[in-house]
Amino acid sequence: MPAVSKGDGMRGLAVFISDIRNCKSKEAEIKRINKELANIRSKFKGDKALDGYSKKKYVCKLLFIFLLGHDIDFGHMEAVNLLSSNKYTEKQIGYLFISVLVNSNSELIRLINNGIKNDLASRNPTFMCLALHCIANVGSREMAEAFAGEIPRILVAGDTMDSVKQSAALCLLRLHKASPDVVLMGEWTSRVVHLLNDQHMGVVTAAISLITCLSQKNPDEFKSCVPLAVSRLSRIVSSASTDLQDYTYYFVPAPWLSCKLLRLLQCYPPPEDGAVKGRLVECLETILNKAQEPPKSKKVQHSNAKNAILFEAISLIIHYDSEPNLLVRACNQLGQFLQHRETNLRYLALESMCTLASSEFSHEAVKTHIETVINALKTERDVSVRQRAADLLYAMCDRSNAKQIVAEMLSYLETADYSIREEMVLKVAILAEKYAVDYSWYVDTILNLIRIAGDYVSEEVWYRVIQIVINRDDVQGYAAKTVFEALQAPACHENMVKVGGYILGEFGNLIAGDPRSSPLVQFNLLHSKFHLCSVPSRALLLSAYIKFINLFPETKPTIQEVLRSDSQIRNSDVELQQRAVEYLKLSSIASTDVLATVLEEMPPFPERESSILAKLKKKKGPGAVSVSDLEEAKGEGGALNGSGDRGADAAATSNSATLSPSADLLGLRSAAPVAPGTGSLLVDVFPEAGPASAPAVSEDGFLRHLDLPPESSDSLLVEAPGESDFEDPALPLPESDDLLYKFVCKNNGVLFENQLLQIGTKSEYRQNLGRMYLFFGNKTSVQFSNFTTSITCPGDLQTQLNMQTKPVEPLVDGGAQVQQVLNIECLSDFSDAPLLNIMFRYGGAQQNLTLKLPVTINKFFQPTEMSSQDFFQRWKQLSLPQQEAQKIFKANHSMDTDVIKTKLLGLGPALLEDVDPNPENFVCAGVIQTKGQQIGCLLRLEPNAQAQMFRLTLRSSKDTVSVHLCHLLAEQF
């Protein structure tokens, strides 16, 4: 940068600043500023031949006044005029004024852009840097559009100076973040990537920031950067501190560049090239080795730089999750930091180990540090570190250490910070449920949890206790005894009263034989808590009282007296008053048999996904270490019956029960029910209302009252037969195609219905795998016999789809239903649909019908988000005639925007907002996942409301897919 000469000191500016500082009051300051503004305005208006020095001085004064907080409404044109000066100081002040005071909507932008273009074309490196800095500081869309083509050329030009390249790279990064759809690399991609080989380390550092940002948006386009990044990292890691003297920071060679390189590599999977991968592993091993070496300096800057590289390297090792040796070494290195005197290092070590605990290679190594982590939970002063310690205990928990970890977390709860108690309660409840060796320990743990932190025990937690106790006969007596003892405490939390009221009302008879817990003792104990409870809890206790009358007739007079009291039948709360009156009347007029029928024991609850785990996931904000998500990665079986161990299928770890080998294979988190005791207990009896809780059927549909029946855990899957397995399969019904099209954009509903039979379907898909539930409902009062179903894949479909089914029950009673599970694997793209054949006897007559199953290629869509720039770039790449299918057709349904959006989302791809220049058009992007390949698809739907017409255009990397999708979707509109 040119030196500032003595003549450029601007004495007038120094005097003005001195005057402002010497002002004794705000009024004096404003008076002096107004005087100066009047002087500057008169100079700008009166003296047309004002020299560059004077313009610069007055513009500087205006800038200083603006920085003091005063509005400036003139002088902009004079600042723009300074851009044409050949003096560095004058040009610099002009750019500075523009960067600070000119907004992106200013009318002067065109003049400014012209001045910038002149400086960029001047080949003067100082002027070019000033121009690039101004573009980056303003960063408006108009500037991006004006210079998006020019700056990449400057960046990759061979004659551009290194300082200008640095500025150009950072300027491009700023414009890309502000307007990603405008800044396109295109033809410059490979040359920008090769900047990683530049000899100047400053250029590499600036370029890698740009490449990392671009790689996050378009990883495929910049994947060639991986070997170059590994090569550059290897050179830095293997160099001595004296080799890179200008870029060595406290004996650490190029720490910032090393961190950026490691972060760039985290955008990609492990390198496929064996040589590149070996070189990268060698780099990571070297970084881990250097972390063990004695420090070369005692200064904190040295350790900070060294540890920054180490933690980025560990993040890369965790990201790859494919090198057992590196994972274990990383874990051991982090373990050394757990007792470091620096709080930040302890926090980062705990946070990284949370992620390491999810890897099958390093889970055991993480567990060796359990005592240190427990000690951190007890003794750490910083609450954030204690919270990370709790997260790590949760992540490292398995069946071998569950009791120890739950006990320590319960102990910590008594003194835990109020801000993390609710999350701690949820974690304890989940671990106790997931890894309990028997139900009595689980009940003890949850009741202890309520005793210690009752205020933070949400409804989901005590709901789960009740569900499990009701669903398990072998724990009901123990639960009743335990909760009875817990209620005897003088200070008893209301949640404990709720649990006690529910359990004793259902199973109090199991402990009534002991004089110490006789029926009247139980009732008096519950009623002693009544006046301390809120209205909902009192309502629950009244229900328990009427249950007592059914269980223990001898308590009837006492309970009726309570119900008859003025405090109940004249209660100010309508709910309590109504319950008291109705229960009193019921106990008075109903016979013993009627009472027993009305108040019979609660049936076992159907099991669904755990709302406790869902609540914990909801509590974890973006950016936090989401230890609840580790459930998907930890290979632990989660059943209380003791089944499962490390390395079990991920599906067994999920929050739904595993029904069969196919469920393990598919790994889909299905909410399909399971008989109590046959699977994971991480399920929910009180789910939030939502479309996923039951098959989506019309309000008057036959399936609306029917729950999914429990599956037999030992039933075997059979392969769906091919066409050759049946000599004369019935032809599909004429309306089969229409029924099929109904399910192109939805997964649940009634597939077929006549006077005898209703067939409902509910399905879900993940990548190239799917699971479908078929529900066959008998609408008559007569039993169906010899009920059989078969799935056939005609023609080439046998090699395109792999389908497995379970045999269906041969007898279907009148008014009942049976369920069949289908597991589907997409091997390659297909256009035909599998056939479902149903045969049964009704009234002595054989019934036979064949339908097309609603399995279409779009079910295997994975939505893909992309920017406008990426979309149209990819659109142009798919420009071969055979890759496009287009259809213009008349609208058969409403052209309502919301309806169209719903159908497009139901189709499967991502609906991209603000991508098409015409806001009336709809564009979508997705990838169809098959076992053999991934097929990228782009869709553009152009409605013409006046003509009631649509133009649908589909482009994909496979021509048959484009044609078939276009045909399917056109039928929906």
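Mentor: Two strands are said to pair if DSSP finds at least two bridges between them. Please keep in mind throughout that this model is predicted.

Trainee: In strand 9, which residue is the bridge partner of Leu801?

Mentor: Strand 8, which runs over residues 801-805, pairs in the antiparallel sense with strand 9, residues 817-826, and the pairing comprises five bridges. Strand 8 is also mostly covered, since four of its five residues are buried, a term that needs a relative accessible area under 20%. Within this pairing, the residue of strand 9 that partners Leu801 is Cys826.

Trainee: Which strands stand at the edges of the open sheet that has the order 7-10-11?

Mentor: The sheet is made of three strands, is open, and has antiparallel pairing in the order 7-10-11. A strand at the edge has a single partner strand, so one of its sides is left without a neighbour in the sheet. From one strand to the next the twist averages 10°. The strands at the edges are therefore strand 7 (785-792) and strand 11 (845-852).

Trainee: Which residue of strand 11 stands opposite Arg841?

Mentor: In general, strands of a sheet pair through backbone hydrogen bonds, either parallel or antiparallel. Here strand 10, residues 835-842, pairs with strand 11 in the antiparallel sense, over eight bridges. Opposite Arg841, in strand 11, stands Gln846.

Trainee: How many residues apart in sequence are the parts that Glu323 and Lys277 tie together?

Mentor: The structure holds 34 salt bridges, and one of them joins the side chains of Glu323 and Lys277, with N to O at 3.7 Å. Glu323 lies in the loop between helix 16 (300-320) and helix 17 (324-337), whereas Lys277 belongs to helix 15 (residues 274-292), so the parts that the pair ties together are separated in sequence by 46 residues.

Trainee: Are Glu323 and Lys277 buried, partly exposed or exposed?

Mentor: Buried would require a relative accessible area under 20%, and exposed would require over 50%. Glu323 has a relative accessible area of 24%, and Lys277 has 28%. Both values fall in between, so each of these residues counts as partly exposed.

Trainee: Are Arg346 and Glu380 buried or exposed?

Mentor: These residues form a salt bridge in which the closest N and O atoms are 2.4 Å apart. The pair links distant parts of the chain, 34 residues apart, with Arg346 in helix 18 (residues 343-356) and Glu380 in the loop between helix 20 (370-379) and helix 21 (383-396). As for accessibility, both Arg346 and Glu380 are buried.

Trainee: What is the relative accessible area of Glu753?

Mentor: Glu753, in strand 4 (residues 749-753), is linked to Lys779, in the loop between strand 6 (769-778) and strand 7, although the two are 26 residues apart. The link is a salt bridge whose closest N and O atoms are 2.8 Å apart. Lys779 counts as partly exposed at 34% relative accessibility, and Glu753 is partly exposed too, with a relative accessible area of 40%.

Trainee: Which residues is Ser239 in contact with, leaving aside its neighbours within four places in sequence?

Mentor: Ser239 lies in the loop between helix 13 (225-238) and strand 1 (248-249), and at 12% relative accessibility Ser239 counts as buried. Its side chain reaches the backbone oxygen of Ile236 at 2.7 Å, but Ile236 is set aside here because it falls within four places in sequence. The contacts that remain are with Leu244, Pro253 and Lys290.

Trainee: Which residues does Thr189 touch, not counting residues up to four places away in sequence?

Mentor: Thr189 has its place in helix 11, residues 189-193. With a relative accessible area of 8%, Thr189 is buried. Beyond four places in sequence, the residues that Thr189 touches are Glu221 and Phe222.

Trainee: How far apart in space are Lys762 and Lys746, C-alpha to C-alpha?

Mentor: Lys762 is found in strand 5, residues 757-766, and with a relative accessible area of 16% this lysine is buried. In sequence Lys762 and Lys746 are 16 residues apart, while in space their C-alpha to C-alpha distance is 9.4 Å.

Conventions. Residues numbered from 1 in each chain as written. Predicted model: local features only at pLDDT ≥ 70, side-chain atom pairs only at ≥ 80, totals over all residues. Heavy atoms only, no water. Buried < 20%, exposed > 50% of the residue type's maximum accessible area, 1.4 Å probe, protein only. Polar contact = N/O pair within 3.5 Å; in protein donor to acceptor, adjacent residues only side chain to side chain. Contact = heavy atoms within 4.5 Å. Axes fitted to C-alpha atoms, helices over the stretch in contact; angles between N-to-C directions. Salt bridge = Lys/Arg side-chain N within 4 Å of Asp/Glu carboxyl O.
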